[in-house]
Structures are given as C-alpha cells and as structure tokens.
Amino acid sequence: MARDGEVVPVDPQAVVAVKKKSSRSWVLLDCTGKATVLDVDKYAIMHRVHIHARDLRIVDPLLSYPSTILGRDRAIVLNLEHIKAIITAEEVLLRDPVDENVIPVVEELQRRLPPVNAIHESQKDGKEFPAGQIDVDAGEEDESPFEFRALEVALEAICSYLSARTTELETAAYPALDELTSKISSRNLDRVRKLKSAMTRLTARVQKVRDELEQLLDDDDDMADLYLSRKLAGASSPVSVSGPPNWYPASPTIGSKISRASRASIATVRGDENDVEELEMLLEAYFMQIDGTLNKLATLREYIDDTEDYINIQLDNHRNQLIQLELFLSAGTLCMAIFSLVAGIFGMNIPYTWNDGYGYMFKWVCKAFLLAILSSMTLMNMSEIESF
C-alpha cells in the first residue's frame, strides 16, 4: 500500500485498471485534465483543501448523506448520488475512481477541464486529443471558471444517470401495467409491486437532487460561496504561501488559468460581489432537466394509480357478479323450499277434512309459486340497480 502523501501518476486509460482499495482512494484531476490516483488519509485531504471533518464526512462512501452541494472558503463539497467530489479553484478530488459509475465522470472531466487556449497550444505543439475533445469554435474561449466547469460535468453526469434510470423503469413498467390490465394474476401483480417499489426509491433520489438545486437557486449567498475563482482573484495573492503540502507539482498554467477564468469575475469583485447570474443560469439548466425527470416519474405514478383503480373496478365487477349469482341461487332455493313444503304437507298420512276436496288448495299453491317467482325477480333487479 502506498504511503500517505504518495502520488501515483496514471494515464487516462489506467484508471479503469486500478484495483479497488479502501475508502482512502481518490483521483485528482488538475486544470490540464491530468489524472492522478491518491491514497491518502482524511487528515491529509482536509489539510489540502482546507475543509472541516464534518464536510469530509459528507463524501464518505461508508456513510449515508443526502445529495448536497456546499460552498466553503476554498472548496466545493459535492455529494450527488455516486459522485462524491471536492472541487477547488485548481483541481478536483473525486472519490472511488474505480467505480463503474464514476469512471465516465473522470473521463468527461479529463475531456472538459483543460482550458481552450491550452488545447490550442497543445495542438500547435503537435499533441493530439481524443475524439470530441474540442467542444467550442476555434475563435471562442470558455470564460467559465474552473470550478464551474467541474460542477457542470458533475451535474450533467448525475442528471443523465437519473434520466437513464427513469427511462429504463418506464420501459419495464408500461408493458407490465398493460399486461396486468389484460390479465390479473399473482405473477403480474408481484411484478408491478416490485416496479412500484423501484419507482418510489428512484423518485426519492431524484427529489433530493432537485431540492438541493432549488435550495441553491433560492439563496444568492449560497451561490456566491461557490465562486472560488472570484475569492481567489479578490485575495492579495492567488496562491497562499502557507498552502497545502506540495504532493503534486504546480502547473505553470495555473496563474494564466486563474487570470483567464476569473477575468469576468474580477469586475464583479470590484463591484457587486453578489452577482451570481452565471452560476444561476448553469443551475437553472440542470434544475429544469432534473425537474423533467421528476415529471416523468410523476406521470408514471399516475399511470400506476390509474391502473390500480381499473383493477379495483374489475374486481368490484367480479364481486358483484358473484353476489348476483348467490342471490339467484338463494331465490331458487326458496322456491324449491316452498314446493317441498307443500309436497310435504300433502304427503303426510293424516286425516284432514280438506283431504276430500282440495281443489281450492291447488289454487293457493299456484299463487304461492307465482309470488315466489316475482319475489326472486324483484330481488335480482334490486341487486342490479345497486351494482350500477
């Protein structure tokens, strides 16, 4: 195991091959997009990025914390599902670099963190970048600060991840619900129950991310705390003399990066320090995306509720049919009981005076028979009216 503070340089493809280590494993990405795997303890991380232990616990994978975006003096503490990162004005520290969901985030950070002029200079020097490395026009520069570019990658990754999970759930849920409406069985009911549980859990996860973005958008002070480059540009010197230990060699482009990334913020420092329009537009874009994902889940929940109502109506209809059958059988049993009663009376060997001339008794039996039929028909009609 590497000693505390030891730096292990890796190439962009080597992150996938790194063996999974303990919760001390981090991947560091600098302003040029170069990735470095660090195996350090929490105290070294706290000293490097100047945060407290309670903030570091937010990104601890062994602890369960809700989605959080916190702005500190020199860092942004980010906990969005599987993306647990600490962003400074010069570098990004990402937890669990070998996680299958984190690897695409690392690759995207390597692609988008390098500034535009650095890419152009590397092209002049003959260096090649992966396909899709350049996303902007040749004459256009990205004026966003370093921390906003890293934050945008994290937000885009988590929104895309949750949207993909929602799409997968919709693909499995709608056919299962349609099959349940056509055939009610224990297998289909259990399948829909599992899908509904998965939808509830996913809705809670999406809701937490949305609430965190909404809370940031509602508080300008919290958004102002995320302007790390503005704070760095407003300080007396961009790099503090009593900074963290020099584990990673300082990049010669850091000074130019700070001046370029903070060029738009220096005017704000001199004027209104609460100008958060740039970050507000960034957060609003991903807030609308995550809100759209939440609306999809709400639509799916409504579809499930409608299916449950339809199933309940079908079950009520079957139950009413059984009640009608039971009533019909009861009426038939009553009619047969009347005939049995008459047959039993006339079948008894007892001397009565009406045994000699019982023609009038036949008329009473016929009347009783008709009355029983009318009573049964009336009961059936009343049951049909109640069921309607």
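**Exercise 1. Determine which residues of strand β5 lie on each of its two sides, and whether they are buried or exposed.**

Step 1. In this predicted model, where local features need pLDDT of at least 70, side-chain atom pairs count only at pLDDT 80 or more, and totals for chains, interfaces and linings use all residues, β5 covers residues 76-80. Residues are numbered from 1 along each chain as its sequence is written, and side-chain values use heavy atoms, with hydrogens and water left out. Strands are DSSP runs of E with at least two residues, numbered from the N terminus, and helices are runs of H or I with at least four.

Step 2. In a regular strand the side chains alternate between the two faces of the sheet.

Step 3. Ile-76, Leu-78 and Leu-80 lie on one side, while Val-77 and Asn-79 lie on the other, and all of these are buried, where buried means under 20% relative accessible area, exposed over 50%, and partly exposed in between, with a 1.4 Å probe and protein chains only.

**Exercise 2. Find which strands pair with β5.**

Step 1. Two strands pair if DSSP finds at least two bridges between them.

Step 2. Strand β4 (residues 68-71) runs antiparallel to β5 and is joined to it by four bridges; here Leu-70 stands opposite Val-77, and four residues separate the two strands of this hairpin.

Step 3. Strand β6 (residues 83-87) pairs with β5 over five bridges, also in the antiparallel sense, with Leu-80 opposite Ile-83. Two residues lie between the strands of this hairpin, and Glu-81 in the turn has a positive phi of about 55°.
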